Amino acid sequence: MSIDDVAARAGVHRSTVSRAFSRPEAVNAATRKHVLEVAESLGYRVNPLAQALRRRASNLVPLIVPDITNPFYGELARTMAAAAADRGYQLVLCVTGGEVAQTNAYLTSLQEMYAPFGIVAPSTSVDLDELQNVALGSKVVVVDRVEQAQVPTVTVDSAEGIALAVDHLRGLGHRRIAYVSGISGAYTSRDRLAAYEGLAAELDMPAMILDAGTGPDVGERAAERLVHMTREERPTAVIAANDMVAFDLISALGVRGVSVPDEVSVMGFDGLEFGARFNPRLTTVRQPIADMGVIAIDLAEKLLKDGETSHVVLAPDLLIRDSTAEVPR
């Protein structure tokens, strides 16, 4: 079914049919109603890509993420899709596998489809300087990273989040508090680790990095190291750099016969919804993921409207659940 079929059945020119869909204000209300009714009866649907190419403008907005195995990106995509729809955009999820070339390819492709802007949640390998040399690169907002000032950014205050975690654990009597990294994003990883080490020095607390690597086995490695420590060396609490690492660590400790929180407290950083269903329910520092998505779109629209490059740092909060407890006696 084509636009010509609709025009013939409705008794109008094909340009009238086109305007009825793309520029309704340019068509008489009664005529537009008639055209839309005919189109529906014939099962005609507008091809949004073809329409975008004709108009040299589209409502397709890429959200570019390194992977979808981390629920953080899933929650970000879900909440941002709703926010985008409220503004008349359609979110296109693009998964890079952490490859900078793939990020650049997506940005180039979406530029050719006349995307108004893009949202990038970068991995370690993404060089934000390179974005400026790629099609659409000057019209992106970066989520969860603030290393570069050339593009708008929205992130969470990681240092404040680590401080919330340390304060919570110290309030429960913990003084040997360890840390496990495992974040793929270079900025976030360095920022949270530096915040932990800085607080340890400030509070005269021993800094214990159980594992500073990345990958799916970081929880296993951290658990293995912990169980081989003497009772005097072993931390009574562990802060994981994100919720996924915390889940893996708790599971790995359980396999090794270490109970959480009876023998060691564990807390995460993200506030993923799954944490409320995990056993034990995860105590964590919550990032306002939904707010990050909405603000990213706000920043993009500001960039398009007046060229403003803004950087927003959001405050985290604490979710106290069951994976932390007082120091075991």
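1. Start with the nonpolar core. In this predicted model, the largest nonpolar core has 70 residues. If you want its best-connected members, look at Ile-119, Ile-162, Val-238, Ile-239 and Leu-253, which have the most contacts inside it.

2. Val-238 is a handy place to zoom in. Leaving aside residues up to four places away in sequence, Val-238 touches Ala-178, Val-180, Leu-210, Leu-226, Leu-249, Val-264, Ser-265, Val-266 and Met-267. Two of these partners bring us to the next point: Leu-226 is one of the α10 residues in the contact with α11, and Leu-249 is one of those from α11.

3. Now the helix pair itself. Helix α10 covers residues 218–227 and helix α11 covers residues 243–255; they pack with their axes 8 Å apart, at an angle of about 45°. That angle is neither under 35 degrees nor in the 65 to 115 range, so α10 and α11 count as oblique to each other. Their crossing is right-handed.

4. Who makes that contact? From α10 come Val-218, Gly-219, Glu-220, Ala-222, Ala-223, Leu-226 and Val-227, while α11 supplies Val-245, Asp-248, Leu-249, Ala-252 and Leu-253. By type, the residues are nine nonpolar, one polar and two charged. Leu-253 turns up again here, having already been listed among the core residues with the most contacts.

5. Two prolines deserve a look, since most peptide bonds are trans. The bond from Val-260 to Pro-261 is cis, with omega near 10°, and Pro-261 sits in the loop between α11 and β9 (265–270). A cis peptide bond also joins Asn-279 and Pro-280, where omega is about 0°. You'll find Pro-280 in the loop between β9 and β10 (283–286).

6. Another backbone spot to check is Asp-204. Most residues other than glycine have a negative phi. Asp-204, though, has a positive phi, near 55°. Asp-204 belongs to the loop between α9 (186–202) and β7 (208–211). Is Asp-204 buried or exposed? Its relative accessibility is 73%, and the cut-off for exposed is over 50%, so Asp-204 counts as exposed.

7. Finally, the chain as a whole. The protein chain has twelve helices and twelve strands. Of its 329 residues, 48% count as buried. How much of the contact map comes from residues 24 or more positions apart? Such pairs account for 71% of the chain's contacts with a separation of 6 or more.

Key
Residues numbered from 1 in each chain as written. Predicted model: local features only at pLDDT ≥ 70, side-chain atom pairs only at ≥ 80, totals over all residues. Heavy atoms only, no water. Axes fitted to C-alpha atoms, helices over the stretch in contact; angles between N-to-C directions. Helix = DSSP H or I, 4+ residues; strand = E, 2+ residues; numbered from the N terminus. Parallel < 35°, antiparallel > 145°, perpendicular 65-115°, else oblique. Left-handed = near helix turned anticlockwise from the far one by under 90°. Contact = heavy atoms within 4.5 Å. Nonpolar A, V, L, I, M, F, W, Y, C, P; charged D, E, K, R; others polar. Core = buried A, V, L, I, M, F, W, Y, C linked by side-chain atoms within 4.5 Å. Buried < 20%, exposed > 50% of the residue type's maximum accessible area, 1.4 Å probe, protein only.
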